[in-house]
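Visitor: Please take one part of this structure and look at it closely. Keep it brisk, and show me how that part connects to what surrounds it.

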Amino acid sequence: MSPRSLAILDLAERTLITLLFGYFAFCMLAASSVKFNILTLVLIVSESLPVIFSVIRLRPRALSGNPVDWLLGTAGTSLPLFASAEGAQSALVPLQFCAVIMLAGLYIEISAKLALGRRFGIVAANRGIEIAGPYRFVRHPMSVGYTMVHVGFLMAFPSLWNAVLYSTELSIQLARLFREERLLKQDPGYREYACRVPYRLLPMIF
């Protein structure tokens, strides 16, 4: 890929990140039904970090131009925005427990985002290999964090819509991480890292 093409794709992804995450943060702030508590505040912080990092982001060493990777990155990021509390049945477990699960997931998300910093992205790319923070335990901790948040929300607001939405999103995330690793494993440094940290999402399992 030529430097010009790489720069154009990088700019396109920065714009996409700003629109998706900026829209979510705006909706959270503008929604009259949202109760501002610690969970809401942490959620807004988590979804605002990508916007900040996309502005000061490092130029990628390699960035996929495959439409499939762009579709997976966009869909995997935007689908959770359509989860809804409307029409949900009673919570499956006490709401306090749901909040704890979501806060734990947000902690992992934010830790992963801060570890990546200027290397954050949503499309398969190589912006440098991160091995610190939660990346010492699994190779895709941000996906772990998001999944925990989704599980917590689904337990708090169980509905067929939310279940199908999150199941679809999880399938997309799995396809996304496999394709991302295929690109990253072209880098000897990542292959060495993958040997040291063999698990993608769950230690001792996967």
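Guide: The crossing of α4 and α5 is left-handed. This is a predicted model, so read every value here as computed. The two helices pack at an angle of about 160°. Their axes lie 7 Å apart. Angles over 145 degrees count as roughly antiparallel, so α4 and α5 are roughly antiparallel to each other. By class, their contact has 19 nonpolar, three polar and two charged residues.

Take α5 by itself. The helix covers residues 141–156, 16 residues in total. From first C-alpha to last, α5 reaches 23 Å, close to the 22 Å expected at 1.5 Å a residue. Twelve of those 16 residues are buried, so α5 is largely enclosed by the rest of the structure. At the start of the helix, the buried residues include P141, M142, S143, V144, G145 and Y146. Further along, V149, H150, G152, F153, M155 and A156 are buried too.

Now its partner. Helix α4 spans residues 95–116, which makes 22 residues. The expected span is 32 Å, and the end C-alpha atoms are 31 Å apart, which agrees. Buried positions in α4 include C98, M102, G105, L106, E109 and I110. A112, K113, A115 and L116 are also buried. Look at the spacing along the helix. An α-helix has 3.6 residues a turn, so residues three or four places apart point the same way. The cover over the buried residues of α4 includes α5 and α2. Just after α4, G117 takes a positive phi of about 55°.

That brings in α2, residues 38–55. The 18 residues of α2 should span 26 Å, and the end C-alpha atoms are 26 Å apart, which agrees. Among its buried residues are L39, T40, V42, L43, I44 and S46. E47, L49, P50, F53 and S54 of α2 are buried as well.

Step back to the lead-in to α5. R139 sits in the loop between β2 (125–126) and α5. Its relative accessible area is 6%. Buried means under 20%, so R139 is buried. What surrounds R139? Beyond its neighbours within four places in sequence, R139 is in contact with E181, K185, Y190, Y193, A194, V197, P198, Y199 and R200. The E181 partner is 42 residues away along the chain, and the two C-alpha atoms are separated by 9.5 Å.

E181 falls within the range of α6, residues 160–184. That helix also holds V164. At 46% relative accessibility, V164 counts as partly exposed. V164 and V138 are 26 residues apart in sequence and 26 Å apart in space, C-alpha to C-alpha.

Finally, follow α6 to α3, residues 67–78. These two pack at an angle of about 140°, with their axes 9 Å apart. They are therefore oblique to each other. α3 passes α6 in a left-handed crossing. On the α3 side, the contact is made by V68, D69, L72, G73, A75, G76 and T77. On the α6 side, E169, I172, Q173, A175, R176 and R179 take part. By class, this contact has five nonpolar, four polar and four charged residues.

How values were computed:
Residues numbered from 1 in each chain as written. Predicted model: local features only at pLDDT ≥ 70, side-chain atom pairs only at ≥ 80, totals over all residues. Heavy atoms only, no water. Helix = DSSP H or I, 4+ residues; strand = E, 2+ residues; numbered from the N terminus. Expected span 1.5 Å × (residues − 1). Buried < 20%, exposed > 50% of the residue type's maximum accessible area, 1.4 Å probe, protein only. Axes fitted to C-alpha atoms, helices over the stretch in contact; angles between N-to-C directions. Parallel < 35°, antiparallel > 145°, perpendicular 65-115°, else oblique. Left-handed = near helix turned anticlockwise from the far one by under 90°. Contact = heavy atoms within 4.5 Å. Nonpolar A, V, L, I, M, F, W, Y, C, P; charged D, E, K, R; others polar.
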